[in-house]
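Hi,

Here is the structure I promised to pass on. Have a look at it first, and my notes on pockets, cysteines and one sheet follow below.

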Amino acid sequence: MLKIETIRHSLAHILGLAIQELYPGVKFGIGPAIQDGFYYDFDFNQKSGLQTKNLGLENLPRIEKKMKEIIKQDIDFKKKEMSVKQAIEFFKKRKQYYKIELIKDLAQKKGKIISIYESGKFTDLCAGPHIKSTIQLHSGDTKEIINSFRLTRIAGAYWKGDEKNKMLTRIYGIAFQTKKELADYLKLQKEKEQRDHREIGKKLDLFHISEEIGPGLVLWHPRGAILKKIIEDYILEKYLKNDYELVSTPHIAKIGLWETSGHTNFYKENMFPLMHMQELEKDEKDNYEIKPMNCPFHISIYKQKIRSYKDLPIRYTELGTVYRYERSGVLHGLTRVRGFTQDDAHIWCAKEQLDKELILAFKLCFEVLKTFGFKKYDIYLSTMPKKHVGTLKNWEKATNSLKYSLKKVGLKYEIDPGEGVFYGPKVDIKIKDSLGRAWQCTTIQVDFNLPNNFEMTYINKKGKKEQPIMIHRAILGSLERFIGVLLENYGGALPFWLAPEQIWIIPISSKEKTYAKKIAKELFSFRAKVKDENETVSKKIREASIQKIPYALVIGKKEMKEKTIRIRQREKGDIGEMKLSMFIKKINADTKSKK
């Protein structure tokens, strides 16, 4: 059976040939196979009879039809090799200038031989491999392929990913070996669309992002703010019970702080521009920076007095809001923003305490994530990057401690070479949601370097000054991102303990309003609301379902007389009558167990 990567790569070339026949004069960028499919970048110009901005989704069925016609034509894929000079001349004649640029890049990296593939009248710069003929996608062991690919979307893409270059038109396609795989994929995509946290946020009235205020800056509505507070209250209580101390720090600091920490050298592209204070007051000599990290502030608190080995470990935590400049093209709802709150923590310990502290941090991490319903993970240990600070000896010590701690906790992990932060190695934990998607949330990092930069010390058992080791730790990471992941994981139907509104009390008529309000008072420790608007009961029940309310309590003449409630549970419907005291006992148990 043909490899799916070969099929996808070949379909990218077939897409190129289809575009060439439909829009002569088009210029070609690149067309690789990718996860689930393929894409090709095109420069539509006046000669091709189509401006980039005029190519819309309505064009895709026509292009897809042309691809299927090509597949039936039994067109061979022929590989040829030529010198750099010959290749440049070849594409020059065809006025394919993007290809010439790629050839020059290849010549610098891979030598003097360039390979191309011809498929009918279409020739592409390519190393392969490819199918032998298009008919392979219409017969034999891959006879379903002609009906198991689809063109899905159109996007803009800067040439070589550089925003200084021209914007090209990227056409995406998906491809599988069978129609069933395609159908399963499309079903999953539909499920993902229905779980899109941005749409859930609108439907449940949780948050919005306003272009007037600024992209990547979240405005939490009352329900969303309650949800955020529930998570913050839980996580702070958990950390305080685990011997962390709460601190709180400013949102800005003098630029010198970030120069000492190394952020201006290693993180500048993610920082907002400076605040030039002299513009406000001539005597103000220092410029300020809005904080991208909380670490230097916590270090300053540590340094306010002399520390002893008896004080260690010291653990500080803060729900600190930070600001990082993310390019506008990558911003995405709650999961990629410019201002976000972290469940940040920093631990300082002696060398002999490092392994124990890491093990405790990992155990706490998985306890917290399990509470929110996440039990499957991808774990990566990121090692020393090319651009870094500190000695090789310290990097090895930090990396080995992370490896040891992961092993002790019984966690399997993969090495992500060269992807550590500039000051130390790290472990990233990607949680898997109900659809099997991995999301980056948790990070635990070992740092020998910031303690050195800020001249941090403690008095050891021999009465001498010694430098502590620093651990950076965030379990939920960005609360904004984590809430986005939660919403998609549960499709908006959050567990009872997390739901911003837990219970709606629905009186059937005005006669039951007093009893409904009495029930609400009995449910004072829960987030209960009487729905006594002048609307039909059926409409209120339907709205409770739309708003993902865990319980709707319907109160009629019978319930009022017998001092009961009729319970409608989310997704189960009517589950019958119950005494209020029994219902309270049930939901107390749900809250305590965090089901």
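Let me start with the second largest pocket: strand E3 (37-43), strand E7 (149-158), strand E8 (167-175), helix H5 (179-194), E19 and helix H14 (479-490) each put at least two residues into its lining. Helices (H or I, at least four residues) and strands (E, at least two) are DSSP runs, numbered from the N terminus. This is a predicted model, so local features need pLDDT of at least 70 and side-chain atom pairs count only at pLDDT 80 or more, while totals for chains, interfaces and linings use all residues. Residues are numbered from 1 along each chain as its sequence is written, and side-chain values use heavy atoms, with hydrogens and water left out.

Back to that pocket: H5 gives the most to its lining, with six residues. The volume of the second largest pocket is about 1000 Å³, and of its 26 lining residues, Arg153, Tyr185, Gln189, Lys192 and His332 are closest to the centre. By class, the lining has nine nonpolar, seven polar and 10 charged residues (Ala, Val, Leu, Ile, Met, Phe, Trp, Tyr, Cys and Pro count as nonpolar, Asp, Glu, Lys and Arg as charged, and the others, Gly among them, as polar). A pocket here is an open set of points on a 1 Å grid over the protein atoms alone where a 1.4 Å probe fits, with protein on both sides within 12 Å along at least five of seven lines; lining residues have an atom within 4 Å of a point.

The largest pocket holds about 1200 Å³ of space. Its lining counts 40 residues, with Tyr267, Arg324, Val421, Lys426 and Gln445 nearest the centre. E22 is the top contributor to this lining, with five residues. The split is 14 nonpolar, 13 polar and 13 charged.

On to the cysteines: there are zero disulfides in the whole structure (a disulfide being a pair of cysteine sulfur atoms within 2.5 Å). Cys349 has its closest cysteine sulfur in Cys295, 16 Å away and so too far for a bond. For Cys365 the closest is in Cys441, at 9.7 Å, again too far. Cys349 is buried, at 0% relative accessibility (buried means under 20% relative accessible area, with a 1.4 Å probe and protein chains only), and Cys365 is buried at 0% too.

Last, the sheet: five strands form an open sheet in the order E24-E23-E25-E26-E27, with mixed pairing. Strand E24 (528-530) and strand E27 (573-579) are at the edges with a single partner strand each, so one side of each has no neighbour in the sheet. Two strands pair if DSSP finds at least two bridges between them.

Cheers

Definitions and conventions:
Grid points are joined across faces, edges and corners, and a volume is the space filled by probe spheres set on the points. Buried means under 20% relative accessible area, exposed over 50%, partly exposed in between (1.4 Å probe, protein chains only).
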